[in-house]
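Student: I would like to learn how to read a structure that I have never seen before. Could we go through it slowly, one feature at a time?

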Amino acid sequence: MPPRKRRSYTAEYKVEAAHRVIDSGRTITEVARELGIDAGMLSVWVKDERRRIAAAEVHGEQPLEAAERAELQRLRRQVSELEKDNAFLVKASAYFAAMQKNRPGSL
């Protein structure tokens, strides 16, 4: 049997996976099979998220709704893409500045 690959999951992924169980009323096993992850691991994520929801309610706070979580994820992806674009522009700018210095007749 080949060794299993270790995967690292973001906090957003864990919360979203947990809410697939919490919001839909589907079983952990069903959602885990759909996502291709271990049901025991998803069970821990669901318990953690239910604890966070209960703790927020104690303090009078409401957890994000599904639409709000989706918008937050979209904005985070957008920020990530903008950061990649900025890094590319910094590298491109440095490259063109170096090329400008190497042109014949430049100072």
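Tutor: Let us begin with a term: the axis of a helix is a line fitted to its C-alpha atoms, over the stretch in contact, and the angle between two axes runs from 0 to 180 degrees between N-to-C directions. Please keep in mind that this is a predicted model.

Student: Which helices and strands should I look for in the chain, and in what pattern do they follow one another?

Tutor: The chain holds four helices and zero strands, so that reading along the sequence gives the pattern α-α-α-α.

Student: How do I describe the way α2 and α3 meet?

Tutor: Two packed helices are described by the angle between their axes and by the distance between those axes. Here the axes of α2 (residues 28-35) and α3 (residues 39-58) come within 9 Å and cross at roughly 115°, and the crossing is right-handed. On the α2 side the residues are I28, T29, V31 and A32, which meet A39, L42, S43 and V46 of α3; by class, this contact has six nonpolar, two polar and no charged residues.

Student: And how is empty space found, and what lines the second largest pocket?

Tutor: Rolling a probe the size of a water molecule over the atoms shows where empty space is left. The second largest pocket has a volume of about 210 Å³, and of the 13 residues that line this pocket, V15, L64, R69, L72 and R76 are the closest to its centre. The largest share of the lining, five residues, comes from α1, while the lining as a whole divides into five nonpolar, two polar and six charged residues.

Student: What are the spans of the whole chain along its principal axes?

Tutor: The C-alpha trace spans about 70 × 50 × 20 Å along those axes, and the radius of gyration is 22 Å, whereas a compact globule of 107 residues would have one near 13 Å.

Notes. Residues are numbered from 1 along each chain as its sequence is written. This is a predicted model: local features need pLDDT of at least 70, side-chain atom pairs count only at pLDDT 80 or more; totals for chains, interfaces and linings use all residues. Side-chain values use heavy atoms; hydrogens and water are left out. Helices (H or I, at least four residues) and strands (E, at least two) are DSSP runs, numbered from the N terminus. A crossing is left-handed if the near helix is turned anticlockwise from the far one by less than a right angle, and right-handed if clockwise. Contact means heavy atoms within 4.5 Å. Ala, Val, Leu, Ile, Met, Phe, Trp, Tyr, Cys and Pro count as nonpolar, Asp, Glu, Lys and Arg as charged, and the others, Gly among them, as polar. On a 1 Å grid over the protein atoms alone, a cavity is a set of points where a 1.4 Å probe fits but cannot get out, and a pocket is an open set with protein on both sides within 12 Å along at least five of seven lines; lining residues have an atom within 4 Å of a point. Grid points are joined across faces, edges and corners, and a volume is the space filled by probe spheres set on the points. The radius of gyration is taken over C-alpha atoms; the globule rule is 2.2 Å times the number of residues to the power 0.38.
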